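Trainee: Could we go through this structure together? I'd like to start with empty space inside the protein.

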Amino acid sequence: MYDAALSHTVSKYPVDIQPFKDMIEGMRVDLRKSRYNNFDELYLYCYYVAGTVGLMSVPVMGIAPESNASSESIYNAALALGIANQLTNILRDVGEDARRGRVYLPQDELAQAGLSDDDIFRGRVTDKWRKFMKGQIKRARMFFDEAERGVAELNSASRWPVWASLLLYRQILDSIEANDYNNFTKRAYVGKVKKLLSLPTAYGFSLLGPQKFTKMVRR
């Protein structure tokens with residue numbers, strides 16, 4: 001059933017095979033690697049397992065006929081959303097991953113913050129950990145910001161689900177902050193009420209864009 005659906009998609013839309021191959025490589029990486037020396041290594045992993053989804057999706061979602069943006073910039077924004085989502089997953093799941101012996105955080109940045117794998121395995125929220133997490137969250141938000149610039153260039157029918165995904169995932173970062181950066185024993189999540197409230201906002205963004213919609217709501 002899944003093969004038939006994928007075959008139909010590939011035949012109907014101009015989907016490139018490379019992101020599919022790269023995603024499979026990401027699955028292989030997880031079999032042999034449980035540490036990342038720096039952000040360049042982590043970025044490549046995030047590309048493999050999530051950035052590829054953005055690249056796969058753009059041909060299906062379609063680019064708006066009236067868009068004046070380059071296709072490269074739109075694909076870069078889709079890639080950024082995948083990276084942002086995966087970084088958010090990593091920051092949400094630090095404790096869960098640690099219990100499996102895995103650390104998806106840049107080792108050099110941990111060392112610069114005066115932290116190590118042992119600190120993560122102990123699972124104590126310290127001032128060093130809070131400061132480190134603030135920097136990690138800031139970087140994830142930068143990728144979300146980059147992703148936002150491409151949503152308006154998609155076909156109108158595709159913008160709402162993309163905005164919904166972006167806004168909901170971004171709120172997980174807010175939840176980590178609300179938990180005082182305890183992502184060792186507390187799972188950050190967006191509650192059902194917040195999810196439902198985000199949908200009208202995402203729809204407004206898809207129709208008017210964030211700035212116009214926000215101005216309209218404030219009136």
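Mentor: First a definition: a cavity is a set of grid points where a 1.4 Å probe fits but cannot get out, and its lining residues have an atom within 4 Å of a point. Please keep in mind that this is a predicted model.

Trainee: Okay, so which residues line the largest cavity?

Mentor: The largest cavity is lined by Ile-90, Val-94, Asp-97, Arg-102, Val-103, Tyr-104 and Leu-105, and by class this lining has five nonpolar, no polar and two charged residues.

Trainee: And how much space lies in there?

Mentor: About 30 Å³, and a search of the whole structure finds one cavity of 30 Å³ or more.

Trainee: Switching to the nonpolar core, which residues have the most contacts inside the largest one?

Mentor: Those are Leu-42, Leu-105, Ile-120 and Trp-129, in a core of 55 residues. Among the elements that give two or more residues to this core are helix H3 (39-61), helix H8 (127-151) and helix H9 (156-178).

Trainee: What is Trp-129 in contact with, leaving aside neighbours within four places in sequence?

Mentor: Its partners include Val-94, Leu-105, Ile-120 and Phe-184, and Val-94 and Leu-105 also appear in the lining of the largest cavity.

Trainee: New topic: is Asn-85 buried or exposed?

Mentor: Asn-85 counts as buried because its relative accessibility is 14%, which is under the 20% cut-off. Asn-85 is found in helix H4 (residues 71-92) and, not counting residues up to four places away in sequence, touches Phe-144, Ser-165 and Tyr-169.

Trainee: Last one, where does UniProt place the "transmembrane region"?

Mentor: The unreviewed UniProt entry places that feature at residues 42-64; in the model, this span is 87% helix and 0% strand, with its end C-alpha atoms 32 Å apart.

Definitions and conventions: Residues numbered from 1 in each chain as written. Predicted model: local features only at pLDDT ≥ 70, side-chain atom pairs only at ≥ 80, totals over all residues. Heavy atoms only, no water. UniProt positions renumbered as here; feature names shortened; annotations may be inferred. Helix = DSSP H or I, 4+ residues; strand = E, 2+ residues; numbered from the N terminus. 1 Å grid on protein atoms, 1.4 Å probe; cavity = no way out; pocket = protein on both sides within 12 Å on 5 of 7 lines; lining within 4 Å. Points joined across faces, edges and corners; volume = space filled by probe spheres on them. Nonpolar A, V, L, I, M, F, W, Y, C, P; charged D, E, K, R; others polar. Buried < 20%, exposed > 50% of the residue type's maximum accessible area, 1.4 Å probe, protein only. Contact = heavy atoms within 4.5 Å. Core = buried A, V, L, I, M, F, W, Y, C linked by side-chain atoms within 4.5 Å.
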